[in-house]
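Please load the structure in a viewer and display it as a cartoon, with side chains available on demand. The stops below are meant to be selected one after another.

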Amino acid sequence: MNYSRGNCPQKRFLVGIDRDGTINEDTGDYLGARPSWKDSLRFCKGAVRGLEKLTSDPGTLNVVVTNQAGIAKRVITEARLQEVHEYMASWLVIQGIHLDGWLYSPHATPEQAERWRTEQGIEGYDECLVGDFRDRKPGIGMLERAAELYDARLDDLACVYVIGDRASDVETALNAGGVGILVNRPEHDPETLKVCELRSEMPGRVMIAADIAHAASLILEDMQKY
Ligand SMILES: [Mg+2]
């Protein structure tokens with residue numbers, strides 16, 4: 001869905017945007033798992049405005065990159081996840097916002113599976129999706145696939161940005177040689193503190209913003225350097 005293939009030489013910047021807690025409010029479960037999921041979908045403050053800013057710039061490719069271990073856990077199917085993304089994408093299109101792709105990692109880490117087993121008594125997860133997968137953030141597989149959709153490699157791009165509400169989103173950007181921007185976290189939140197540490201190690205490649213709208217401004221300003 002929603003992918004336009006082909007070489008886009010004018011697209012020099014890739015922006016990977018986390019979904020839960022970044023674009024939509026994180027409900028704490030897997031969006032789409034419950035039959036009433038459409039009622040619990042809320043966009044985060046500044047998300048629509050920020051996505052509008054990013055997608056209005058002709059130089060950016062904007063893709064959602066989301067870890068969805070609920071598929072490995074078998075609490076949501078890939079078909080339902082696609083339905084969620086189609087619903088969100090069509091709602092955004094009504095606002096005039098077209099994202100270039102919706103990529104997800106259905107994988108879980110062995111640690112997650114262990115917790116499901118020991119804390120929740122869940123045995124029926126999909127073992128094929130448990131492991132150390134490059135697609136699962138902070139792995140960079142989804143960013144690589146996003147670049148490939150445009151016949152490019154990450155190295156061909158001027159810069160890769162990742163916006164997200166967790167330190168692992170920022171780490172994803174750093175693993176791809178790019179710039180990570182943490183959003184939607186209070187000042188003393190543990191994720192903010194982790195990201196502050198990363199920022200002191202790699203100034204210039206780590207930023208903290210209030211929300212996607214703020215992150216978009218920082219990105220558009222940073223892009224001027226290239
Ligand atoms: Mg998130």
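Which residue in S3 stands opposite Asn67? Select Asn67 together with Ser105: in this predicted model, Ser105 of S3 is the residue that Asn67 faces.

**The strand S2 and its partners**

Extend the selection to strand S2, residues 60-67. All eight of its eight residues are buried, so S2 is largely enclosed by the rest of the structure. A buried residue here has 20 or more other C-beta atoms within 10 Å of its own. Colour the two faces separately: Thr60, Asn62, Val64 and Thr66 lie on one side, and Leu61, Val63, Val65 and Asn67 lie on the other. Both faces are covered.

Next, add strand S1, residues 13-17, which pairs with S2 in the parallel sense over five bridges. Within this pair, Val15 is placed opposite Asn62 of S2. Then add strand S3, residues 101-105, which also pairs with S2 in the parallel sense, through five bridges. Here Val63 has Gly101 of S3 as its bridge partner.

**The whole sheet**

Now display every strand of the sheet. Six strands form an open, parallel sheet in the order S3-S2-S1-S4-S5-S6. S3 and strand S6 (206-208) stand at the edges with a single partner strand each, so one side of each has no neighbour in the sheet. On average, neighbouring strands are turned by 20° against each other, direction ignored.

Select helix H6, residues 141-148, which packs on this sheet. H6 touches S1, S2, S3 and strand S4 (159-164), and its direction makes about 135° with that of S1.

**The nonpolar core**

With H6 still displayed, show Leu143 as sticks. Beyond its neighbours within four places in sequence, Leu143 is in contact with Leu14, Gly16, Val65, Leu154, Val160 and Ala176. Which residues of the largest nonpolar core touch the most other members? They are Leu14, Val15, Leu143, Tyr161, Ile163 and Ile181, in a core of 58 residues. In soluble globular proteins, nonpolar side chains tend to be buried together.

**An exposed loop position**

Follow the chain into the loop between H6 and S4, where Asp156 is found. Is Asp156 buried or exposed? Asp156 is exposed, because 12 other C-beta atoms lie within 10 Å, and the exposed class covers residues with 12 or fewer. A distance label from Asp156 to Asp135 reads 20 Å, C-alpha to C-alpha, for a separation of 21 residues in sequence.

**Two helix pairs**

Select helix H7 (residues 167-175) and helix H8 (residues 190-201), whose axes are 9 Å apart and meet at an angle of about 25°. H7 is therefore roughly parallel to H8. At the contact, Ala167, Val170 and Leu174 of H7 meet Glu191, Lys194, Val195 and Leu198 of H8. These residues comprise five nonpolar, no polar and two charged.

Finally, select helix H2 (residues 47-56) and helix H9 (residues 212-222), which pack at an angle of about 25° with axes 7 Å apart. H2 and H9 are therefore roughly parallel to each other. On the H2 side the contact is made by Ala47, Arg49, Gly50, Leu51, Lys53 and Leu54; H9 contributes Ile212, Ala213, Ala215, Ala216, Ile219 and Leu220. Colouring the H2 and H9 contact by class shows nine nonpolar, one polar and two charged residues.

Terms used. Residues are numbered from 1 along each chain as its sequence is written. This is a predicted model: local features need pLDDT of at least 70, side-chain atom pairs count only at pLDDT 80 or more; totals for chains, interfaces and linings use all residues. Helices (H or I, at least four residues) and strands (E, at least two) are DSSP runs, numbered from the N terminus. Two strands pair if DSSP finds at least two bridges between them. Axes are lines fitted to C-alpha atoms, for helices over the stretch in contact, and angles run from 0 to 180 degrees between N-to-C directions. Two residues are in contact if their C-beta atoms, placed from the backbone, lie within 7 Å. Angles under 35 degrees count as roughly parallel, over 145 as roughly antiparallel, 65 to 115 as roughly perpendicular and the rest as oblique. Ala, Val, Leu, Ile, Met, Phe, Trp, Tyr, Cys and Pro count as nonpolar, Asp, Glu, Lys and Arg as charged, and the others, Gly among them, as polar. A nonpolar core is a set of buried Ala, Val, Leu, Ile, Met, Phe, Trp, Tyr and Cys residues joined through C-beta atoms within 7 Å.
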